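Trainee: I'd like to learn how to read sheets and pockets in a model. Could we walk through one together?

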Amino acid sequence: KRVLAMRLKAQRVSTLVIASDTASYADAIRRWTLERRFPVLIDDGTPGARHNIARFIHGYQPEQILYYDAEADEPTQESIYRTIASAWGASDGQPVPERWAELEFVPPGVIVAAMDDPAWTAALALSADRGQPIVWLNHRSGTLNNILPEDNASEWRLTLREQVGALGYAWSGLGDAIDSLTVCLTMPTKVKIDDRIMAMTDYLARHDDASSWGACGMIFGTESEAAFRAMSAVFLQPRSVWFFDGYEGNFGAEYAMDRAAGFFRQAGFDRVLADPRPNAGRQIWRMRQRAGVDAGLVFVNTRGHARWFDLAGDRAYGSDVPFLRQPAAVHFIHSFSAQVPDNPESISARWLDQGAFVYYGSADEPGLQAFLTPEQVTGRVLTGVPMGFAFRYDSSNMIWKVNYFGDPLFTLGNIPKPIDEPITLEGAADLSERMRSTLRDQNFADGIASLVMLGEHANVVRICTSLLASKPDVLTPDVIETALLSHFYERDYAGLTALYERLPADRRNDARNTTMLWHALRPELDRATPEQLSLLRLTIRQESADEDAAALAPALRRAFGVGAVRSMYAHLISEADNDQMREKLQRAMP
């Protein structure tokens with residue numbers, strides 16, 4: 001309720017500021033006031049950052065988009081504190097807690113961050129908007145895939161409790177003032193308790209007797225990724241949802257999606273796409289992924305492992321996770337999907353890379369009962385329960401194996417639409433004008449990047465087609481990787497192939513690029529050109545090598561003869577990373 005009350009008090013402005021770096025990002029947030037706030041994202045020059053900006057623009061639909069390159073100092077812990085104070089209207093030098101007390105505001109949660117971890121950008125956004133104090137730690141970034149021994153995890157958890165207790169707010173039980181913990185750090189996502197692997201986000205906000213004092217979420221990634229996930233949680237209110245029930249027969253009957261989808265229809269959501277059993281197999285899934293999924297909420301039932309999942313008996317892989325056209329909160333009922341979030345081929349990594357700002361999935365085999373049913377979850381979400389609470393059991397003293405990645409206070413509510421009142425930001429340029437200026441100057445790299453961020457994908461295709469014919473050298477690997485998504489969304493698979501061919505080998509094999517190529521061309525194999533077939537042949541994925549090869553073999557035989565098929569299989573057999581896959585390929589070789 002406190003989160004929703006603040007969102008109703010501070011009006012959202014229909015303006016997006018795209019910051020050129022972290023200093024500009026922090027400087028833009030410094031312009032927030034208690035009455036008016038606007039989203040700020042970071043363009044760090046990478047294709048991933050620009051794709052996320054395009055997703056956010058599609059989901060937020062801002063009337064004004066500014067590109068901001070400020071002459072500002074690099075943020076420090078002290079300057080971030082001043083920025084938060086400014087957003088809450090504190091007078092010069094006034095402590096933030098004093099200002100909150102003056103406003104009769106009680107923080108709903110606590111954030112943990114470190115200045116040497118890039119996810120501080122999320123901590124700044126969530127603190128400045130949600131009104132949450134930041135506990136700053138000296139922290140050495142870890143690896144998400146790692147498992148923290150219980151002794152180390154217990155010591156870390158005790159330190160956190162001491163730090164939270166020192167803030168002076170009631171916090172030790174559910175329903176107290178402090179009810180959430182957001183860890184903005186790259187650290188192990190699993191903890192080993194005896195011989196069991198448990199989820200770090202379900203472990204941290206608990207006492208030693210395992211009783212829960214709050215909901216916990218974790219945000220990690222680069223500065224731009226962390227900012228994207230935090231700003232999406234703060235500013236977006238999805239109106240579209242996709243349900244996919246990949247179970248067969250009567251398995252997990254209480255987890256069927258039908259009634260949950262009905263709740264969203266009754267709530268008047270703009271678009272509710274439901275693929276219920278027994279029709280929700282791999283063929284339907286791959287049809288949905290062809291040009292990206294346009295949904296802000298995604299609910300999936302399936303079973304499998306970290307890098308594969310079954311859909312009505314057919315196997316799909318991490319590489320089958322669809323590209324999202326708008327930022328999405330993803331609830332994925334499945335074993336092991338979040339086991340290795342650092343592995344780019346894993347299910348959780350693919351969702352996060354391809355547009356999810358919230359991901360709820362299992363770190364180990366949890367048993368189906370670890371998940372609330374879709375009806376329970378959607379009933380809670382639609383009544384305004386923050387997702388960090390809506391997705392998990394209430395007040396249980398059992399630690400579960402399911403991780404929550406994202407802001408645990410992300411909430412659906414009856415929030416007014418952003419107001420159309422342009423802001424003035426000295427030194428900022430209108431992104432559309434900047435795009436036109438760079439294209440006039442034949443600065444195609446910046447011009448195409450701006451077009452992608454603006455979501456003008458058809459114009460990206462048009463310009464790239466012209467450049468391929470007249471100035472192909474302009475299309476550097478960075479430009480190509482940024483432009484590929486536009487060709488994918490526009491279903492210009494010939495153009496996508498032409499650009500992909502120009503990538504160096506290491507970038508061709510990047511998980512995001514390979515996924516895009518296969519999503520685009522797999523359904524077109526009967527009509528694929530020899531060049532397209534050759535590219536697919538070179539980008540067969542290790543985890544699905546047998547299925548990729550089987551799908552490709554008929555078309556490869558027609559285009560190049562049986563010798564090419566045998567050569568493909570011989571190469572794959574030599575490259576197989578396990579005996580089981582090697583045996584499958586040997587049996588299939590003609």
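**Reading the sheets and the pocket**

Mentor: Sure, and keep in mind that this is a predicted model. Let's start with a sheet: 3 strands make an open one, in the order 8-10-11, with mixed pairing.

Trainee: Which strands are the edge strands there?

Mentor: Look for strands that pair on one side only; here those are strand 8 (147-149) and strand 11 (196-199). From one strand to the next, the twist averages 40°.

Trainee: How many bridges join strand 10 to strand 11, and which way do the two run?

Mentor: Strand 10 (residues 190-193) is joined to strand 11 by 4 bridges, and the two run antiparallel. For a spot to click on, find Lys190, which stands opposite Ala199 in strand 11.

Trainee: Which helix lies across strand 8 and strand 10?

Mentor: That's helix 7 (residues 150-165), running at about 85° to strand 8.

Trainee: Okay, now the other sheet. What is the strand order in the sheet of 4 strands?

Mentor: The order is 4-2-5-22, in an open sheet with mixed pairing. Strand 4 (40-42) and strand 22 (428-430) each have a single partner strand, so they stand at the edges with one side lacking a neighbour in the sheet. Neighbouring strands of this sheet are turned by 30° against each other on average, if you ignore direction.

Trainee: In which sense do strand 2 and strand 4 pair?

Mentor: Parallel: strand 2 (residues 15-19) pairs with strand 4 over 3 bridges. Pick out Ile18, whose bridge partner in strand 4 is Leu41.

Trainee: Which strands does helix 15 lie across?

Mentor: Helix 15 (residues 431-440) lies across strand 2, strand 5 (64-68) and strand 22, and its angle to strand 22 is about 80°.

Trainee: On to pockets. How do you find where empty space is left?

Mentor: You roll a probe the size of a water molecule over the atoms. In this model, the largest pocket comes out at about 830 Å³ in volume.

Trainee: How many residues line the largest pocket, and which lie nearest its centre?

Mentor: The lining has 31 residues, and Gly59, Gln237, Pro238, Arg239 and Lys417 lie nearest the centre. By type, the lining divides into 13 nonpolar, 11 polar and 7 charged residues.

Trainee: Which helix supplies the largest share of that lining?

Mentor: Helix 3, with 3 residues. Helix 1 (2-9) and helix 3 (47-60) each supply at least two residues of the lining.

Definitions and conventions:
Residues numbered from 1 in each chain as written. Predicted model: local features only at pLDDT ≥ 70, side-chain atom pairs only at ≥ 80, totals over all residues. Heavy atoms only, no water. Pairing = 2+ DSSP bridges. Axes fitted to C-alpha atoms, helices over the stretch in contact; angles between N-to-C directions. Contact = heavy atoms within 4.5 Å. 1 Å grid on protein atoms, 1.4 Å probe; cavity = no way out; pocket = protein on both sides within 12 Å on 5 of 7 lines; lining within 4 Å. Points joined across faces, edges and corners; volume = space filled by probe spheres on them. Nonpolar A, V, L, I, M, F, W, Y, C, P; charged D, E, K, R; others polar.
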